[in-house]
Structures are given as structure tokens and as C-alpha cells.
Amino acid sequence: MALSPTNDAALLQEVDEAVRKDRLDTIMQRYGRWIIGGVLAILLAFGGYLYWNHRQEVARGEQAEQLIAALDKLQTNQPRAAASELEKIAAEGTPAYRAAALMQQANIKAGAGDLKAAAALMAKIVADTEVDRSLRDLALIRQTAFEYDTLKPEAVIARMKPIVDARDPASSWFASAAELSASAHYRLGQFDQAGALYGRIAKLPDLTRSLQSRSVQMAGMLGVDAVADRAADSVAAEQKGAASAAPKTEEAK
């Protein structure tokens, strides 16, 4: 008697499952050890990454505590103990904490009048490619400030040029770099360039009062009316804000 369609479907399904099982058995016989080894390797690598990441977090926390302890010792007049902590962080710390420790060591040297040693410590940060660019720029500015009296004005301008000329994004240290560069231009008798830089500094928002005052005065002395420029920028900003708010007001109506 012929099989019903239902029985044919069941038979085909059993055959198909048998074929798949046979293929799987063949694959496992040929490549089973490699597949299991690969899975274990992936699991071990992932576990190693999690452990490494955890150790990095722990190390950063320890370094933060060490840096805070060193700063506390400086404030309580324990320079030797603070220097020992800073040296350890500078030698073993992650790039950011290493740079912070070196900067603090440089500040201590500068405070003691040893500007040459302070500049050398800043130069270490500048040369450390593992340190973030923004921190290296700050270190270069500080190094240049420590060495300013021994450098030719052209050298100061050349050092600061990448920071001063940065546009997108503009350097967060532009004001400090531009002031050093403007002063160097002034020493060279390049008063137009110096005045333009002082004018750019004076127009920046969120300047310290002392830097803004210096910049406005120097720009004015060199023929740049930074006060008028700043006022014009403020008016333009207000008009732009009012124009952008107008469509919202119309929508509200």
C-alpha cells in the first residue's frame, strides 16, 4: 500500500535530520578540536581583557590617590615626601598622571628658582607621544615661558605657531600661546602682528581679568581698538541670538 502524503513528509524530515546529523558528526570529527580551541581562545581573550581593564581602573584610582597625597604634603610643608610620591607617579603612572606629576615637579623647581630644570621636566611631557595633545601643548607653553628670557623671539613664535594657528578645533590654550607669541613679535619690532594677536586675545570670552586687561591695553597701545571690537562682537552675538529666537516665538503664536 502506498504511503500517504503525511507519511512521505515525515520520512523526508527523518532523512533530512539524519543527513544533517551525519554532516555535523563529520565536521566535529575533522574540525572539532579546532572549533573548541577557538571558542576557548576567544573566551580566554575576553576574560583577559576584562581583567586588564579592571586592573587599569584600579591603577588609575591608586595613582589619583597618590597624586592627591603628594599635593597634600606640599600644602603641609613636606616637600621631600611630596617629591618622592611625584617621582613614583612620573616613573610608573599612566600618561595623564605621569604628565600631571611632571608638571607639579616642574612647578616646584620653578618655585625654587631653577627654571632650567623646570623647563627640562616640561620638555619630557612634550616629547611623550602617549600623553594627550592638549596636555603636551600646555607643557610646551610652560616650557617656553620658563625659557623665554633665553630664547630668541623667532624661536618663541615658531614654537607657538601650531597652537596659535589652530582653527578647527581651536586650541584651548590659544590665549596663553598667543600672548607669548605677541610678546615675541613686539621684541622684534613687528608691532602690527603683535597688536593683531593682542586684539584676538582681548575678544575671547571667559578670560581672566588680568589677561583681558593686559591684552586690551597692549592692543590699544599698538593701534588696535580691542574695546570697540569686543563691543561689536557682543552686539553681533545678541542680534544673532535674537534672530534665532524669533522663529520660535512665531511658532509659539
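A residue is called buried here when its relative accessible area is under 20%, exposed when it is over 50%, and partly exposed in between (1.4 Å probe, protein chains only). By that yardstick, 26% of the 253 residues of the chain are buried. The structure is a predicted model, so local features need pLDDT of at least 70 and side-chain atom pairs count only at pLDDT 80 or more, while totals for chains, interfaces and linings use all residues. Residues are numbered from 1 along each chain as its sequence is written, and side-chain values use heavy atoms, with hydrogens and water left out.

The fold has ten helices and zero strands, where helices (H or I, at least four residues) and strands (E, at least two) are DSSP runs, numbered from the N terminus. The accessible surface (Shrake-Rupley, 1.4 Å probe; for residues, only the protein chains shown count as cover) adds up to about 17000 Å², with 58% of that belonging to carbon and sulfur atoms. As for contacts (heavy atoms within 4.5 Å), 47% of those between residues at least 6 apart in sequence join residues at least 24 apart.

One place to see helices meeting is around Gln 143, which sits in α5 (residues 133–147) and is buried at 9% relative accessible area. Setting aside neighbours within four places in sequence, Gln 143 is in contact with Ala 119, Met 122, Ala 123, Val 126 and Arg 159. Ala 119 belongs to α4 (residues 115–127) and is buried too, at 1% relative accessibility. Besides Gln 143, Ala 119 touches Phe 146 and Glu 147, again not counting residues up to four places away. The C-alpha atoms of Ala 119 and Thr 144 are 7.5 Å apart, although 25 residues separate the two along the chain.

Next come the charged pairs. With a salt bridge taken as a side-chain nitrogen of Lys or Arg within 4 Å of a carboxyl oxygen of Asp or Glu, the count is six. Arg 98 and Glu 130 pair up at 3.0 Å, N to O; Arg 98 lies in α3 (residues 95–111) and Glu 130 in the loop between α4 and α5, so this bridge ties together parts that are 32 residues apart in sequence. Arg 98 is buried at 15% relative accessibility, whereas Glu 130 is exposed at 56%. Together with Asp 128, these two residues are linked in a network of salt bridges. Within α5, Asp 137 and Arg 133 are four residues apart, about one turn of the helix, and their closest N and O atoms are 3.7 Å apart in a salt bridge.

Further along, α9 has 13 residues and spans 18 Å from its first C-alpha to its last, close to the 18 Å expected at 1.5 Å a residue (1.5 Å times one less than the number of residues). Its buried residues are Leu 211, Ser 215 and Ala 219. They cover an arc of only 55° around the axis, so they sit on the same side of α9; the arc is that of the directions from the helix axis to the C-beta atoms. Arg 209, Gln 217 and Met 221 are exposed on the face turned away from that buried side. Met 221 also joins Tyr 186 and Phe 191 in a nonpolar surface patch with about 310 Å² of accessible area together. Such patches are made of residues with over 30% relative accessible area and no salt bridge, like charges being joined within 9 Å and nonpolar side chains (Val, Leu, Ile, Met, Phe, Trp, Tyr) within 5 Å.
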